[in-house]
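Student: Could you pick one part of this model and go through it closely with me? I'd like to see what surrounds it and how it fits with the rest.

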Amino acid sequence: MFELSKQFRFDAAHTLDRVIETETSRRIHGHSYRAEVFVRGLPDPTTGMVVDLGLLQRTMEGARDALDHRFLDEINDLGPATMENLSRWIWNRLSPVIGNLHKVTVYRDSSGEACSYWGEEVVA
Ligand SMILES: Nc1nc2c(c(=O)[nH]1)N=C([C@H](O)[C@H](O)COP(=O)(O)OP(=O)(O)OP(=O)(O)O)CN2
Ligand SMILES: [Zn+2]
């Protein structure tokens, strides 16, 4: 089994309704995010690749364009702009093209936070 990963960064603004820190969270503010996409599988015997990194790059670029320098509250199919919803949104965007997608992790490095999504089918 092999695992390939590739990352992209995006900066975006959002608001959040929370039960703590309500005032600062409801104010429009921004974060720098890093997303890491993991693909698992065996290399195709002909190409020697688990996935062509060029295809991964192209697909990730579409997701990055839709998120970078955006107001995340305006992305209709995202829901509240949490790291949970961002990791799932990126997964949903990539998975139709990247068949052996394994995990999507979204990081907020400035605060040491990360959230990973493995798709709906995974049970503990
Ligand atoms: N389970 C989650 N909890 C919270 C999330 C989330 O995505 N999932 N997000 C937030 C907010 O985005 C909040 O703005 C983050 O607050 P904080 O980490 O204090 O961010 P700061 O603006 O102080 O830090 P930066 O370094 O500017 O990112 C809260 N909870
Ligand atoms: Zn925030």
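Tutor: Let's begin with the whole chain: of its 124 residues, 36% count as buried. Buried means under 20% relative accessible area, exposed means over 50%, and partly exposed is in between, using a 1.4 Å probe and protein chains only. Keep in mind that this is a predicted model, where local features need pLDDT of at least 70, side-chain atom pairs count only at pLDDT 80 or more, and totals for chains, interfaces and linings use all residues. As for bookkeeping, residues are numbered from 1 along each chain as its sequence is written, chains are lettered from A and ligands numbered from 1 in the order in which they are written, and side-chain values use heavy atoms, with hydrogens and water left out.

The chain has 3 helices and 5 strands, in the order β-α-β-α-β-α-β-β along the sequence. Both kinds of element are DSSP runs numbered from the N terminus: helices are H or I with at least four residues, strands are E with at least two. The C-alpha atoms fill a box of roughly 55 × 30 × 25 Å along the principal axes.

The part I'd pick is strand E2, residues 29-41. On one side, E2 runs antiparallel to strand E1 (residues 2-14), and 13 bridges join the two. Two strands count as paired if DSSP finds at least two bridges between them. To see one of those bridges, find Val39 in E2: its partner is Leu4. E2 also pairs with strand E4 (residues 101-108), again in the antiparallel sense, over 6 bridges. Here you can look for Phe38, whose bridge partner in E4 is Lys103.

Now walk along E2, beginning with His29. His29 is partly exposed, because its relative accessibility is 23%. Ala13 is 16 residues away from His29 in sequence, yet their C-alpha atoms are 5.3 Å apart in space. If you set aside neighbours within four places in sequence, His29 is in contact with Ala12, Ala13, His14, Thr15 and Thr24. Contact here means heavy atoms within 4.5 Å. Links between far-off positions show up across the chain too: among contacts with a separation of 6 or more, 63% are between residues 24 or more positions apart.

Next stop, Arg34. Its relative accessibility is 13%, so Arg34 counts as buried. The side chain of Arg34 makes a salt bridge with that of Asp109, at 2.9 Å from N to O. This pair links distant parts of the chain, with Arg34 in E2 and Asp109 in the loop between E4 and E5, 75 residues apart. A salt bridge is a side-chain nitrogen of Lys or Arg within 4 Å of a carboxyl oxygen of Asp or Glu. Asp109 counts as partly exposed because its relative accessibility is 42%. There's a third member as well: Arg9, Arg34 and Asp109 are linked in a network of salt bridges. In the whole structure, a search finds 9 salt bridges.

What comes after the strand? Leu42 sits in the loop between E2 and helix H2 (53-67). Leu42 counts as exposed because its relative accessibility is 61%. Together with Met1 and Phe2, Leu42 forms a nonpolar patch on the surface, with about 390 Å² of accessible area in total. Patches are made of residues with over 30% relative accessible area and no salt bridge, where like charges are joined within 9 Å and nonpolar side chains (Val, Leu, Ile, Met, Phe, Trp, Tyr) within 5 Å. The areas come from the Shrake-Rupley method with a 1.4 Å probe, and for residues only the protein chains shown count as cover.

Finally, E2 helps to cover a helix. In H3, the buried residues are Met83, Asn85, Leu86, Ser87, Trp89, Ile90, Trp91 and Leu94. Their cover includes E1, E2, H2, E4 and strand E5 (113-117). H3 itself has 12 residues (83-94), so at 1.5 Å a residue it should span 16 Å, and its end C-alpha atoms are 17 Å apart, which agrees. That expected span is 1.5 Å times one less than the number of residues.

So, to retrace the route: E2 pairs with E1, E2 pairs with E4, and E2 is among the elements covering the buried residues of H3.
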